[in-house]
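Got the viewer open and a selection box ready? Here's a walk through the model, one stop at a time.

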Amino acid sequence: MRKRMNSIAGLHSANTAATRGWRSGLRWGVAAAALLCAPLAFGETVRGHFTYSDTNGAKPIASAKVEIWRYAYWTWANAATVWTNSDGRFEQPMPFLGSGVVYAVRVFATNAGAVVWPDDVVHTFPFYREPGEPGTKYTRTVRTSTDVADFDYNFSDAFAVKHFNLAETVRIGYQYAAARRDPNERDGLTPVNVQPTGAAVMSWYNPAADTLVIRSTDVMNDRLILHEYAHALQARIGSFAWIPANHNGCEARDVVTGQLINSAEHAWMEGFASYFAAVVSHRAGSAAIADNGWSGTMSPAHLESPAACTVIGLPGSSGVITANMVEERVAAMLWDLFDNCPSVGTCDGIPESFDTLSRMDLAVFQIMDRELGVRGVWPTVRAFYDAWVARGLPVAPLASLFKAYGLSLPVTYPVAVQTVNGNYLTAVGGGNRLTDVLHSDATSIGAWEKFTLVQLGRQCALKTASGNYVTFVGGGGRLNDVVHTDATAAGAWEKFTLVPQGGSRYAVQTATGNYLTAVGGGGMLDDVVHTDATGVGLWEIFTLAGLPSGVCQ
């Protein structure tokens with residue numbers, strides 16, 4: 001191919017301007033054709049070290065997406081996409097196309113944790129800046145295969161800084177979370193969208209758009225950004241109670257009516273987020289998380305000594321408000337599982353005789369990820385307690401923290417469930433099963449016949465020896481695939497009421513209003529129970545001895 005094009009060029013040797021231009025273009029064509037016919041050798045190197053001016057000094061633009069653009073053969077094209085390292089550096093060898101090739105780079109506010117979008121009215125691409133902006137954009141021209149095109153730059157203009165700071169702060173939260181996932185979880189942790197805007201009246205996580213909406217005045221508030229990112233984690237790998245509210249740590253009010261809407265679900269959702277922001281800030285250190293105050297979340301000092309909450313005991317939309325419905329009480333308890341207690345009774349220099357645990361943040365995060373990640377079940381601090389106990393973690397120290405902050409512990413009763421013919425229900429294997437779940441032929445009480453009745457207000461749930469809950473599939477109304485025993489938290493399908501039938505005898509009414517039936521009155525290994533009964537007959541009556549009057553009613 002090269003010989004043929006050279007021979008053509010020899011036929012046109014007139015030394016005119018037109019001929020010289022044609023010949024110059026032909027030489028580029030020859031080069032292009034040669035590139036198609038032979039493998040390219042790496043030549044010049046494109047590299048850069050990128051930082052941005054944070055309030056605590058220059059900070060690397062770490063693990064960020066970088067596009068390398070090249071001008072050759074009369075056009076610009078994206079020649080490579082690379083990522084900076086933890087120090088904000090990259091170095092990429094490029095194929096040598098010849099002298100005169102021009103390079104430029106685009107540095108994105110995009111990393112494994114975040115995709116930050118521009119703070120403008122209309123945009124179709126995530127935010128990026130080119131070195132040199134907002135002044136003249138850097139370009140570098142290479143002449144030989146040994147050239148180095150260097151793009152080192154510190155972005156210092158406020159518009160660029162806020163986008164890069166959002167990306168970096170979320171990345172730090174992402175790294176913390178990714179390193180602490182429960183090993184049994186397989187759902188991916190993908191980048192979250194981040195939208196800075198001057199149009200927002202507050203910063204918040206929008207689960208419908210999977211976007212952190214950060215108002216312009218909060219873009220450098222690293223702790224608030226981490227707080228909102230915690231909500232994204234709850235929605236993505238845990239379970240997120242989307243309850244819009246005006247809240248201050250003590251009270252939560254409806255954004256329209258102003259009514260008190262404190263609930264255990266809201267308290268966990270916000271309490272965990274404040275705890276997460278405090279723990280990640282501590283783990284990352286002041287060099288990574290700028291000390292720009294604690295607006296929008298709770299500081300460790302606040303969590304060590306939460307103020308008295310005046311709404312406890314008042315009526316709210318979820319009933320009388322308890323400490324379990326107050327976010328700062330939940331956050332304080334979680335923080336005490338992490339804070340440093342080098343000697344018994346003293347944590348972070350504060351006398352706390354009730355706090356004997358330290359640096360338990362791995363367990364806290366994994367419980368949020370695993371047990372409290374049941375879709376459709378909004379977590380509460382009670383559910384956290386249950387998961388902690390089921391994992392075999394220290395119970396007495398956690399109970400001490402609950403007591404210190406006025407958090408109520410679950411009321412439980414050990415029970416055996418006896419059918420009308422005198423047999424006992426057996427949770428096969430002690431629980432944690434989807435098939436061959438229950439038998440009703442046991443004639444005495446062994447380990448698998450022992451259950452724990454957990455009181456949840458006027459309802460109850462039944463825990464097996466494994467610590468899992470009995471689930472009435474579909475909430476009841478079934479003849480097949482009736483029950484499971486693998487639930488790690490009590491949701492709607494795990495809750496039931498007891499209908500007194502005299503003495504220690506009860507009917508079990510499921511969420512659908514149907515009743516639990518022990519087929520044949522008991523003594524079965526297959527087709528053991530149904531949940532489709534609409535009235536109480538002999539087979540729907542069970543004996544649960546030793547329960548106080550009014551439990552689960």
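Start by selecting Asp 481 and Arg 478: they form a salt bridge, with the closest N and O atoms 3.8 Å apart. Keep in mind as you click around that this is a predicted model. Color the pair by accessibility and you'll find Asp 481 partly exposed, with a relative accessible area of 41%. Arg 478 also counts as partly exposed, at 29%.

Next, pick Asp 54, Lys 59 and Asp 222, which salt bridges with shared partners join into one network. Zoom in on Lys 59 and Asp 54, where the closest N and O atoms are 2.5 Å apart. Is this pair buried or exposed? Lys 59 counts as buried, with 4% relative accessibility, and Asp 54 is buried as well, at 8%. The cut-off for buried is under 20% relative accessible area.

One more charged pair: select Arg 129 and Asp 157, whose side chains meet in a salt bridge at 3.4 Å, N to O. Arg 129 sits in strand E8 (residues 128-129), while Asp 157 is in the loop between strand E11 (153-155) and helix H3 (158-178), so the salt bridge ties together parts that are 28 residues apart in sequence. Arg 129 is buried, with a relative accessible area of 14%, and Asp 157 counts as buried at 15%. If you want to hunt down the rest, the count of salt bridges comes to 23.

**On to a sheet**

Switch to cartoon view and highlight E7, E12, E14 and E13. In that order they make an open sheet of 4 strands, with mixed pairing. Which strands stand at the edges? They are E7 (114-116) and E13 (204-206); each has a single partner strand, so one side of each is left without a neighbour in the sheet. Look along the sheet for its twist, which averages 30 degrees from one strand to the next.

Now zoom in on E13 and E14 (residues 211-215), an antiparallel pair held over 3 bridges. Show Asn 206 and you'll see Thr 211 of E14 standing opposite. While you have side chains on, here's a handy reminder: in a regular strand they alternate between the two faces of the sheet.

Stay in this area and put a surface on Val 201, Met 202, Trp 204 and Trp 242. Together they form a nonpolar patch on the surface, with about 420 Å² of accessible area. Met 202 belongs to the loop between strand E12 (192-197) and E13, and is partly exposed, with a relative accessible area of 38%.

**A helix under cover**

Select helix H4, residues 222-237. From its first C-alpha to its last, H4 reaches 22 Å over 16 residues, close to the 22 Å expected at 1.5 Å a residue. How many of its residues are buried? The tally is 16 of 16, so leave the surface off if you want to see them.

**Strand E3 and its partners**

Jump to strand E3 (residues 65-72), which is mostly covered: 6 of its 8 residues are buried. Add strand E4 (residues 75-83), which pairs with E3 in the antiparallel sense over 8 bridges. Click Arg 70 to find its bridge partner in E4, Ala 77. The hairpin of E3 and E4 has 2 residues between the strands, and Tyr 73 there takes a positive phi near 60 degrees.

Then bring in strand E6 (residues 101-108), which pairs antiparallel with E3 over 6 bridges. Center on Ile 68, which lies in E3 and stands opposite Val 105 in E6. Ile 68 is buried, with a relative accessible area of 0%. For a sense of scale, draw a C-alpha to C-alpha distance from Ile 68 to Val 420: 76 Å in space and 352 residues in sequence.

**Last stop: a hairpin**

Finish with strands E28 (residues 497-500) and E29 (residues 505-509), which run antiparallel and are joined by 4 bridges. Leu 498 stands opposite Val 508 in E29. This is a hairpin with 4 residues between the strands, and Gly 502 in the turn has a positive phi of about 105 degrees.

Conventions
Residues numbered from 1 in each chain as written. Predicted model: local features only at pLDDT ≥ 70, side-chain atom pairs only at ≥ 80, totals over all residues. Heavy atoms only, no water. Pairing = 2+ DSSP bridges. Axes fitted to C-alpha atoms, helices over the stretch in contact; angles between N-to-C directions. Patch = residues over 30% accessible without salt bridge, like charges linked within 9 Å, V, L, I, M, F, W, Y side chains within 5 Å. Areas by Shrake-Rupley, 256 points an atom, 1.4 Å probe, with all protein chains shown as cover. Salt bridge = Lys/Arg side-chain N within 4 Å of Asp/Glu carboxyl O. Buried < 20%, exposed > 50% of the residue type's maximum accessible area, 1.4 Å probe, protein only. Expected span 1.5 Å × (residues − 1).
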